[in-house]
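Here are a few exercises to work through with the model open beside you. Try each task before reading its solution.

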Amino acid sequence: MVNYKDLGLVNTRAMFAKAVDGGYAIPAFNFNNMEQLQAIIQAAAETKSPVILQVSKGARNYANATLLRYMAEGAVEYAKELGWAHPQIVLHLDHGDSFELCKSCCDMGFSSVMIDGSALPYDENVALTKKVVEYAHKFDVTVEGELGVLAGVEDEVSAEESHYTRPEEVIDFTSKTGVDSLAISIGTSHGAYKFKPEQCTRDPKTGRLVPPPLAFDVLEEIEKKLPGFPIVLHGSSSVPQEEVDTINKYGGKLPDAVGIPEEQLRKAAKSAVCKINIDSDSRLAMTAAVRKVFVEKPGEFDPRKYLGPARDNMKKLYMHKIQYVLGSEGKAAD
Ligand SMILES: [Zn+2]
């Protein structure tokens with residue numbers, strides 16, 4: 001049994017309250033390897049931005065749960081070494097799908113967990129979420145629940161069809177379960193193919209797909225029902241076209257990959273949305289850098305020579321999100 005406080009981590013409670021008040025959002029970046037973690041911590045430390053390190057069930061299976069836990073502990077010390085005196089770092093379980101998994105994370109030093117019962121019938125989602133909240137709160141671990149279904153594929157989470165969160169359910173759900181934050185569905189989507197070409201229009205100049213706008217009317221209705229309550233957006237990568245172009249130029253095959261335009265995320269960050277999940281963009285940044293080295297320097301076989309540039313490219317991306325999209329720069333400076 002390890003408590004997150006002993007690892008120097010924080011939960012999301014105070015962080016979210018400040019973010020809702022201040023009209024910005026906290027970045028939630030997924031990680032499953034050292035270079036990603038280094039890039040996230042370097043970017044957060046340099047910008048003094050609070051940050052949420054997210055681990056999915058798939059990442060836990062890939063990297064080993066114990067190792068990830070020690071990596072997160074190491075990340076706090078690394079952040080201090082980089083000159084961030086009081087790092088505000090959350091270790092969060094992304095898409096927990098059972099009470100047992102959430103419990104295991106609470107017991108292993110996570111400071112926050114998501115229980116995703118969104119695919120269940122409403123009453124079962126309420127019961128499962130409530131059970132996780134009751135356990136997690138004993139250790140002051142914060143809990144994210146979800147209402148509504150996002151389309152797309154992310155690790156073991158996938159859905160063909162999305163349906164928006166129903167604003168009429170949010171008061172009942174949050175009061176019955178006691179969750180600390182709520183993930184909603186307003187048109188974001190998991191993965192690098194967030195929309196099918198037939199859902200988009202095409203920019204006549206560039207030939208690129210232009211995705212449909214997010215349902216801000218649904219978000220507004222939810223905010224009216226739950227004033228000041230922390231809202232979470234999943235599947236919020238922007239799928240930067242320059243990374244997609246680099247991947248395709250150097251032998252990759254990602255035709256018509258499309259994400260959420262940054263100006264829509266900027267608008268969301270100013271609302272009650274206080275956590276924005278970004279995973280695919282970092283995968284794209286990593287893949288683009290690795291592919292480039294492989295093609296330009298086919299004789300290279302030292303992993304540091306391609307994972308190093310991959311790390312630098314991810315760091316650039318994380319800094320950009322913090323500074324120009326989420327507005328969280330300098331919010332963890334004291
Ligand atoms: Zn998600």
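**Exercise 1. Find how strand 8 and strand 12 pair, and place the pair in its sheet.**

Step 1: strand 8 runs parallel to strand 12 (residues 231-233), and three bridges join them. Strands here are DSSP runs of E with at least two residues, helices are runs of H or I with at least four residues, and both are numbered from the N terminus. Two strands pair if DSSP finds at least two bridges between them.

Step 2: opposite I184 stands L233 in strand 12.

Step 3: widen the view to the eight strands that close into a barrel, ordered 1-2-3-4-5-8-12-13 with parallel pairing. On average, neighbouring strands of this sheet are turned by 25° against each other, direction ignored. Axes are lines fitted to C-alpha atoms, for helices over the stretch in contact, with angles from 0 to 180 degrees between N-to-C directions.

Before going on, please note that this is a predicted model: local features need pLDDT of at least 70, side-chain atom pairs count only at pLDDT 80 or more, and totals for chains, interfaces and linings use all residues. Residues are numbered from 1 along each chain as its sequence is written.

**Exercise 2. Work out which residues of helix 1 are buried, and what covers them.**

Step 1: in helix 1 (residues 13-22), the buried residues are M15, F16, A19 and V20. Buried means 20 or more other C-beta atoms within 10 Å of the residue's own, exposed means 12 or fewer, and partly exposed lies in between; C-beta atoms are placed from the backbone.

Step 2: looking down the axis of helix 1, the buried residues fall within an arc of 125°, so they line one face. The arc is that of the directions from the helix axis to the C-beta atoms.

Step 3: A14 and D21, on the other side of helix 1, are exposed.

Step 4: the cover over the buried residues includes strand 1 (26-30), strand 3 (89-96), strand 8 (181-184) and strand 13 (273-278). Contact means that two C-beta atoms, placed from the backbone, lie within 7 Å.

**Exercise 3. Describe the phi of K48 and the surroundings of this residue.**

Step 1: recall that most residues other than glycine have a negative phi.

Step 2: K48 is not a glycine, yet its phi is positive, about 50°.

Step 3: K48 sits in the loop between helix 2 (34-47) and strand 2 (51-56). K48 is buried, because 20 other C-beta atoms lie within 10 Å.
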